[in-house]
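Here are some notes on the model you sent, set out point by point. They deal with the sheet, the packing of the helices and the aromatic pairs.

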Amino acid sequence: MKVAIYARYSSDNQRDASIADQLRVCREYAARQEWTVAEEFTDHAVSGATLLRAGFQALMRDALDGRFDVVLAEALDRFSRDQEDTAGLFKRLTFAGVNIVTLAEGDITHLHVGLKGTMNALFLKDLADKTRRGLRGRVELGKSGGGLCYGYQVRRVTSPGEPTATGDREIVLVQAEVIRRIFRDYAAGVSPMALAKRLNADHVPGPGGASWNPSTIHGNPARGTGVLNNELYVGRLVWNRLRYAKDPDTGKAVSRPNPPSQWVTTSVPDLRVVDDELWNEVKARQAAMRRITSHGDPSRFNRGRRPKFLFSGLTKCGECGGGYVIYWHNRLACFAARSRGTCTNRHTISRKEVEERVLVALRDKLMRRDLFEEFCREYVRELNRLRIEHRASISHGRTELAGVEREIHKLVQAIKDGVPALSIKDELLSLESRKAQLQSRLEAPEMPELLHPRMAEVYRQTVGSLCLALENEESRTSAVEAIRALIEAIMLEPEGDQLKITLKGDLAGMLSAARDSKRSPETGDLLVQIKLVAG
């Protein structure tokens, strides 16, 4: 009778000699039974929870081809620890007329498949639970729960004999600087794609020595993957964020997020790489990008894309209101006139000429000092009127609130004195509702701040600094965003043989570009602190 021997061990921590031991005892058993060993199949360091094993698949092919009559192994769990897989193995080999024999159980029958299959599956579950319990204990001590992310290396402790790993990590200074560079550039407005290109151009090795990819940087914020979402960089070790389930059809592990209540978070300040301020800036930018690109609206997604040129999307035709776009080389033309034929404005203009003229207009034309001073006077006059009304409303509200509280106190005292509560219930509820309304009115935010008379001058200084920042590669991205925030539209209108440029500014953007509010120690009014955005 021909027999095939199968041997397997599951862990890298076991010895290759384990295979040799299994084969040896199986050969001895086959010799006692006077069987001829036709073939030997082995799998090294492969889990019994999957059938995707080269040796096992070869065994099944030869068995179905009828090359032997018996399959021999040390125990049934060498074939598989999964109930479904064990039952499938038994069904297919029985159909092919091949018996299964193990040294531990003898001839395998339906009873063995049912009982041992269940016991092996329970063993896997119990092993997984014990492994997770042990990992959780290590994580709560601040040690590694498995895996080593970019920026860290294993700290080895030298003991008598040779160095050993203890689960401790330490910062790799060169990689830590790369991490801080990624955070700084992203907070400044550089996209993950541009970041990856810059790092690869500078020959900076990525995780595992590979090249940088955008996904390596941005990852998935909800799952905590990617450089920008790794909380270990701010000294927080988060474990059990994901759980893994094996797909029964493919055998591949599929990750699924755990609810936050199951996460285990441990403070590890000695592993901090990024400060809280920079981390929060990155999180704020990620949140802003999610708001722009959410809801599956293509137009919202396009707004989330960074402009290719300084004023992309802002140049409009003065006749039809359509977009003035790149038509040929670096020349702008009306899209409706050139592509649709629905507009008569066929003038073109150099993109660089538009940028130069608009930057000059931003600095010298918008927020003219005389017009801005007139605006400030009207603003202050209206603001004072609103403040008088606001203060009168606050004073009246406080008086009424005191009266309401006295009435409530009287009703409560009446209940204590024996008056039936039902007879005054409605009145008491009405007073409580009015009290809540008054308290909400009194907690309303303060009036808007005053405008500093030098804001127009500060604005021009700020725009001048932003123009200089455009020439610096590191600050260009943030400068482009700041300048675009000042502009509502750039209208290009034919005027004879030339194009007249009309610049429409966003007043709110201009004011915010030149102010940072604080209180005056003399009057308590909100004034403006001069602060240059870039320089």
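1. The sheet. In this predicted model, five strands make up an open sheet whose order is β2-β1-β3-β4-β5, with mixed pairing. The strands at the edges are β2 (36-43) and β5 (106-107), and each of these has a single partner strand, so that one side of each is left without a neighbour in the sheet.

2. The pairing of β1 with β2. Strand β1, which covers residues 2-8, runs parallel to β2 and is joined to β2 by seven bridges. To find this pairing in the viewer, one can begin at K2, whose bridge partner in β2 is T36.

3. A helix on the sheet. Helix α2 (residues 54-64) packs on the sheet, where α2 touches β1, β2 and β3 (70-73), and the direction of α2 makes about 145 degrees with that of β2.

4. The packing of α2 with α3. Helix α3 spans residues 83-95, and α2 packs with α3 at an angle of about 25 degrees, the two axes being 9 Å apart. Because angles under 35 degrees count as roughly parallel, α2 is described as roughly parallel to α3. The crossing of these two helices, α2 and α3, is left-handed. On the α2 side the contact is made by F56, M60, A63 and L64, and on the α3 side by L89, R92 and L93; by class, the contact has six nonpolar residues, no polar ones and one charged residue.

5. The packing of α5 with α6. Helix α5 (residues 173-187) and helix α6 (residues 192-201) have axes that come within 10 Å and cross at roughly 140 degrees, and the two helices are therefore oblique to each other. The crossing of α5 and α6 is right-handed. From α5 the contact draws on V178, R181, I182, D185 and Y186, and from α6 on P192, L195, R198 and L199. These contact residues of α5 and α6 divide into six nonpolar, no polar and three charged.

6. Aromatic pairs. Which arrangement do the rings of Y6 and F56 adopt, stacked or edge-to-face? The count comes to eight aromatic pairs, and in the pair of Y6 with F56 the ring centres are 6.2 Å apart and the planes stand at 80 degrees, so this pair is edge-to-face. The pair links distant parts of the chain, since Y6 lies in strand β1 and F56 in helix α2, 50 residues apart. F56 also belongs to the contact that α2 makes with α3.

Note on methods. Residues are numbered from 1 along each chain as its sequence is written. This is a predicted model: local features need pLDDT of at least 70, side-chain atom pairs count only at pLDDT 80 or more; totals for chains, interfaces and linings use all residues. Side-chain values use heavy atoms; hydrogens and water are left out. Two strands pair if DSSP finds at least two bridges between them. Helices (H or I, at least four residues) and strands (E, at least two) are DSSP runs, numbered from the N terminus. Contact means heavy atoms within 4.5 Å. Axes are lines fitted to C-alpha atoms, for helices over the stretch in contact, and angles run from 0 to 180 degrees between N-to-C directions. Angles under 35 degrees count as roughly parallel, over 145 as roughly antiparallel, 65 to 115 as roughly perpendicular and the rest as oblique. A crossing is left-handed if the near helix is turned anticlockwise from the far one by less than a right angle, and right-handed if clockwise. Ala, Val, Leu, Ile, Met, Phe, Trp, Tyr, Cys and Pro count as nonpolar, Asp, Glu, Lys and Arg as charged, and the others, Gly among them, as polar. Rings of Phe, Tyr and Trp (its six-membered ring) pair if their centres lie within 6.5 Å; planes under 30 degrees apart count as stacked, over 60 as edge-to-face and the rest as tilted.
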